[in-house]
2 protein chains.
Amino acid sequence: MRTLHHFWLCPFSRKVRIVLAEKELDFELKFEKFWERRDEFLGLNPAGQVPVLVEPDGTALSESGAICEYLDETFSAETLLGPDARSRAETRRLVAWFDLKFYAEVTQNLVDEKVLKRFMNMGEPNSDAMRAGRQNVGYHLDYIAYLADRRNWLAGDDFSLADIAAAAQLSCVDYLGDVPWDSHGAAKDWYARVKSRPSFRALLKDSIAGFHPPHHYADLDF
Amino acid sequence: MRTLHHFWLCPFSRKVRIVLAEKELDFELKFEKFWERRDEFLGLNPAGQVPVLVEPDGTALSESGAICEYLDETFSAETLLGPDARSRAETRRLVAWFDLKFYAEVTQNLVDEKVLKRFMNMGEPNSDAMRAGRQNVGYHLDYIAYLADRRNWLAGDDFSLADIAAAAQLSCVDYLGDVPWDSHGAAKDWYARVKSRPSFRALLKDSIAGFHPPHHYADLDF
């Protein structure tokens, strides 16, 4: 059996979970308190971060981008990268946009402050960071709307890893009730389409002790 | 003609320069003061960052990972990723290690503090950051030595994008004289092998106004 070492509100773990589900691969989830830096876990990934995917033969793969590319290459019936080199460059540009820019400007400021700090006993959330996160999310929703207005999915005609990377980040922020969907109709329409995919279902059932999602989180018709 | 919009001591621009040279592609370098956020440049890359590669037909590609994968797929005579999916996962894991972890722990603390801040008129370098950068570089040289002791190149038998990503970061720090080569012989031996490749030569001729590299920077026998 495949095992994914993850953290519930880690957007990179979520990205890999969606890709595994899109590829219709069975896997077991193992919650890793990665900040405790267990020796056994560092043996799997010396960077000490989730996600780590352990393949059925015991090979450990780490770093979410490397894992997603590996899964797409190995189970390539329907690629999530794009049909040609230029499309793949656009998909990967957008994956980096959400993995790096959205993460640094939004997810870290909200999820890390509100959730990770409590798990790690690192004190109260920083209110300046949370304010910045709530302000930045609007710019990113505008960019999603801009792309969705011009294309069928974010990177082009087909659903791709760009949609998955974006939705993985947004789903974490949405779990905390911090996405202003009502004032961003076009981004909401795109997210509703992602959310209704079977690959997204497991994420909507997540429940983290001490943090209850808002009612609309699991609602496909939010 | 291909054009690469870059910044001299940007490790991600350097990574793309080495890949272009490994693929024996001609290109023109255009220095971009990306922090000025010129409208024309934002039109090429809405993230406002270098590198941006403009292809001969005018297509602009941005985000260094997407550009390198594009070049490797398009000019694939000798791949820089690896011969199979597992090797490519290891290459990409290490590329992320250097692009994200080395960059955040070392390059940002040294290059951004000493060089970018001066270009951007952002005041004096932060001495705590510089101290952290100088301390962290040692851990990364140890990791390079660990890998080079077990493999021919960092990701396996063949020279790959992992070596390029690592050397691109280190070359920026080395330009400032902040790499303790003498106490890290194994990492130095690996770097000497990368440095002697023809694809690395142009980087060794770089000269940034106001910042002179140490004598050993361009010396293949340092």
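**View 1. A buried glutamate meets an arginine in chain A.** A:E32 is buried, with a relative accessible area of 2%. In this predicted model, the side chain of A:E32 meets that of A:R38 in a salt bridge, with 2.6 Å from N to O. Is A:R38 buried or partly exposed? A:R38 is partly exposed, because its relative accessible area is 30%. So this close-up shows a pair with one buried partner, A:E32, and one partly exposed partner, A:R38.

**View 2. A salt bridge in chain B links parts that lie far along the sequence from one another, 189 residues apart.** Here B:R17 and B:D206 form a salt bridge, and their closest N and O atoms are 2.8 Å apart. Which parts of chain B does this pair tie together? B:R17 belongs to helix 1 (residues 11–22), while B:D206 sits in the segment after helix 8 (201–204), so the pair ties together parts that are 189 residues apart in sequence. Both B:R17 and B:D206 are buried.

**View 3. Two partners sit about one turn apart in helix 4 of chain B.** Take a look at B:K101 and B:E105, which form a salt bridge with their closest N and O atoms 3.1 Å apart. Both residues lie in helix 4 (residues 85–119) of chain B, and 4 residues separate them, about one turn of the helix. B:K101 is partly exposed, with a relative accessible area of 23%. B:E105 is partly exposed as well, at 26%.

**View 4. A network of salt bridges includes residues of both chains.** Salt bridges that share partners join eight residues here: A:E69, A:E73, A:R88, A:R92, B:E69, B:E73, B:R88 and B:R92. How many salt bridges does a search of the whole structure find over all chains? The search finds 46. One member of the network, A:E69, is found in helix 3 (residues 64–74) of chain A. A:E69 is buried, because its relative accessible area is 8%. For a sense of distance, the C-alpha atoms of A:E69 and A:A155 are separated by 16 Å, and these two residues are 86 residues apart along the chain.

**View 5. Four acidic residues gather on the surface of chain A.** A:E24, A:E78, A:D157 and A:D158 make up a patch of negative charge. Where in chain A is A:D157? A:D157 is in the loop between helix 5 (127–150) and helix 6 (161–175). This residue, A:D157, is exposed, with a relative accessible area of 62%.

**View 6. A turn of 180° lays chain B on chain A.** Two copies of a chain are related by a rotation about an axis and a shift along it. For this pair, the turn is 180° and the shift along the axis is 0.0 Å, and chain B then lies on chain A with an RMSD of 0.0 Å. The two copies are thus related as by a two-fold rotation axis. Which residue of chain B comes closest to the rotation axis? That residue is B:L100, whose C-alpha is at 4.7 Å.

**View 7. A cis peptide bond appears before a proline in each chain.** In chain A, a cis peptide bond joins A:V50 and A:P51, with omega about 0°. A:P51 lies in the loop between helix 2 (39–44) and strand 3 (52–54) of chain A. In chain B, a cis peptide bond joins B:V50 and B:P51, again with omega about 0°. B:P51 is in the loop between helix 2 (39–44) and strand 3 (52–54) of chain B.

**View 8. Two residues other than glycine have a positive phi.** The phi of A:N121 is near 50°. A:N121 is located in the loop between helix 4 (85–119) and helix 5 of chain A, and A:N121 is exposed, with a relative accessible area of 71%. B:R37 also has a phi near 50°. B:R37 lies in the loop between strand 2 (27–31) and helix 2 of chain B. Is B:R37 exposed or partly exposed? With a relative accessible area of 46%, B:R37 is partly exposed.

**View 9. A proline sits in a loop of chain B.** B:P180 is found between helix 6 (161–175) and helix 7 (185–195). B:P180 is partly exposed, with a relative accessible area of 30%. The C-alpha atoms of B:P180 and B:D219 are separated by 15 Å, and the two residues are 39 residues apart along the chain.

Terms used. Residues are numbered from 1 along each chain as its sequence is written. Chains are lettered from A and ligands numbered from 1 in the order in which they are written. This is a predicted model: local features need pLDDT of at least 70, side-chain atom pairs count only at pLDDT 80 or more; totals for chains, interfaces and linings use all residues. Side-chain values use heavy atoms; hydrogens and water are left out. Patches are made of residues with over 30% relative accessible area and no salt bridge: like charges are joined within 9 Å, nonpolar side chains (Val, Leu, Ile, Met, Phe, Trp, Tyr) within 5 Å. Accessible areas come from the Shrake-Rupley method with a 1.4 Å probe; for residues, only the protein chains shown count as cover. Lys and Arg count as positive and Asp and Glu as negative; His and the chain ends are not counted. The place of a charge is taken as NZ of Lys, CZ of Arg, CG of Asp or CD of Glu. Helices (H or I, at least four residues) and strands (E, at least two) are DSSP runs, numbered from the N terminus. Buried means under 20% relative accessible area, exposed over 50%, partly exposed in between (1.4 Å probe, protein chains only). Copies are superposed by least squares on the C-alpha atoms of residues with pLDDT of at least 70 in both.
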